[in-house]
Amino acid sequence: MQESGYPPSQKLYRSVICCLCRTGNLQQVLNLLDMLFSHDESEGDKSRRIFNYFIDGAGDALKPELAREVFERMSLRGIQPNMDTNILMLLSYLKSNHISDALNFFNDLANKHEPSVRLYNIMILGLCKAGKPDHALEMWREVREGGVVSSLHCYEELVHVLCTGGDYDMTIKVLNDFQKTRLNVSSFIGNTILSHTLKKPELNRAWVRSSALDGEELMLGQLVGAFSDGIRVREHLDSLEEVVEQFFRINIFTCNMLLRELTMEGRMDYVCNLFHRICKKGHLPDKRTYDIIVHGFFKHGRREEAESHTVHDDQLNRLKLEWGFVMFKVDVCSYLQLNGCFAG
């Protein structure tokens, strides 16, 4: 393919390397690399790109030792690694949960020059996904002390890993800092906070402690306070989603959480009303939505209504297609109206 003048894509390189790695013979990958350069002695960007593709493929195959060997061969050929190379090497370690290797590689880079925000973000995300919140927080603090704002994705993963580990005091500190960045609260962060608020009281207690110590008003703290007692004593059960929408943009995951809480309290009439409202607002119900409703009806002895709401996979797929067509027509009509196509 390459000899015919058709350079393979990164995706194809990755697929081939992963396939070779599955055979267990990593030497075949290195032989392929040598073969490519025996036919093409070009240097510079093209050669660096090929090495990067091999590091990417080895990392995707969870073979960080192979990625490192390719990285070393790159240096032996006198090709300078670029930012993409370093990121791919970091990812190869992080994907394989080789945390000490990732930290050592990052520190080596830091000793040579100041790491970029992009590298920090990669490390924070990787450490969070590997379940290493202490290391991730250390990296995050370094970034913030330098006056730089981490990415929204970093804040999402920090909040998630801290809440999952039950460290709600630190969660509140991260959220306080997040509020200062003036980034918009994502659905992921909002859903994480709402989910843990509904599950257990510890998050609300951490928020109360933080407010007493710092005197700072946390916007999401108002969400925590609003739902700290679940929905058992809420007055406005007919507008739950509107309460949540004051704090972040809801999605079907949010709706499913609220539906589940209502079914657990036996408020099936409110469940039906909420279901119809979220459909009117453009949220496409998924399999989880119908399962929650059906389970709720069965649990409370309303068998006929449970059966009427049962949706099979083929029906759900058809509903998705019909919904997509309806939403497409809505988008087209909105576009035409905005551009005055319906005027006079």
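This briefing covers salt bridges, charged surface patches, one helix and a few single residues. The structure is a predicted model. A search of the whole structure finds 14 salt bridges, and three of the pairs are described below, together with one network. Side chains of opposite charge can pair when their charged atoms come close.

**Salt bridges**

- Asp-169 and Arg-209 form a salt bridge in which the closest N and O atoms are 2.9 Å apart. This pair links distant parts of the chain, since Asp-169 belongs to helix 10 (residues 168-181) and Arg-209 to helix 12 (residues 202-214), 40 residues apart.
- Asp-169 is partly exposed, at 38% relative accessible area. Arg-209 is also partly exposed, with a value of 42%.
- Lys-281 and Glu-241 meet through their side chains in a salt bridge of 3.1 Å, N to O. Here too the pair links distant parts of the chain: Lys-281 sits in the loop between helix 16 (268-280) and helix 17 (287-299), while Glu-241 is in helix 14 (residues 240-245), 40 residues apart.
- The two partners are covered to unlike degrees: Lys-281 is partly exposed at 38% relative accessibility, whereas Glu-241 is buried at 0%. Glu-241 counts as buried because its value is under 20%.
- Glu-241 and Lys-281 also belong to a network of salt bridges that includes Glu-245 and Arg-277.
- Asp-291 and Lys-287 form a salt bridge through their side chains, at 3.2 Å from N to O. These residues are four apart in helix 17, so about one helical turn separates them.
- Asp-291 has 36% relative accessibility and is partly exposed. Lys-287, at 33%, is partly exposed as well.

**Charged surface patches**

- A negative patch on the surface is made up of Glu-114, Asp-134, Glu-138, Glu-142, Glu-145 and Asp-167.
- Within this patch, Glu-138 is located in helix 8 (residues 133-145). Glu-138 is partly exposed, with 44% relative accessible area.
- A positive patch on the surface consists of Lys-199, Lys-200, Arg-260, Arg-288 and Lys-299.
- Lys-199 is in helix 11 (residues 187-199). Lys-199 counts as exposed because its relative accessibility of 61% is over 50%.

**Helix 11**

- Most of helix 11 is covered, with 11 of its 13 residues buried. Among the buried residues are Ser-187, Ile-189, Gly-190 and Leu-198.
- The length of helix 11 can be checked: at 1.5 Å a residue, its 13 residues should span 18 Å. The C-alpha atoms at its ends are 18 Å apart, so the two values agree.

**Loop residues with positive phi**

- Leu-62 is not a glycine, and its phi has a positive value near 60°. Leu-62 is found in the loop between helix 3 (45-60) and helix 4 (64-76), and Leu-62 is partly exposed at 49% relative accessible area.
- Asn-97, which is not a glycine either, has a positive phi of about 65°. Its place is the loop between helix 5 (83-95) and helix 6 (99-112), and Asn-97 counts as partly exposed at 45% relative accessibility.

**A buried cysteine**

- Cys-21 is part of helix 1 (residues 10-22). At 5% relative accessibility, Cys-21 is buried.
- Cys-21 and Ala-58 are 37 residues apart in sequence, and their C-alpha atoms are 7.8 Å apart in space.

Technical notes. Residues are numbered from 1 along each chain as its sequence is written. This is a predicted model: local features need pLDDT of at least 70, side-chain atom pairs count only at pLDDT 80 or more; totals for chains, interfaces and linings use all residues. Side-chain values use heavy atoms; hydrogens and water are left out. Patches are made of residues with over 30% relative accessible area and no salt bridge: like charges are joined within 9 Å, nonpolar side chains (Val, Leu, Ile, Met, Phe, Trp, Tyr) within 5 Å. Accessible areas come from the Shrake-Rupley method with a 1.4 Å probe; for residues, only the protein chains shown count as cover. A salt bridge is a side-chain nitrogen of Lys or Arg within 4 Å of a carboxyl oxygen of Asp or Glu. Lys and Arg count as positive and Asp and Glu as negative; His and the chain ends are not counted. The place of a charge is taken as NZ of Lys, CZ of Arg, CG of Asp or CD of Glu. Helices (H or I, at least four residues) and strands (E, at least two) are DSSP runs, numbered from the N terminus. Buried means under 20% relative accessible area, exposed over 50%, partly exposed in between (1.4 Å probe, protein chains only). The expected span of a helix is 1.5 Å times one less than its number of residues.
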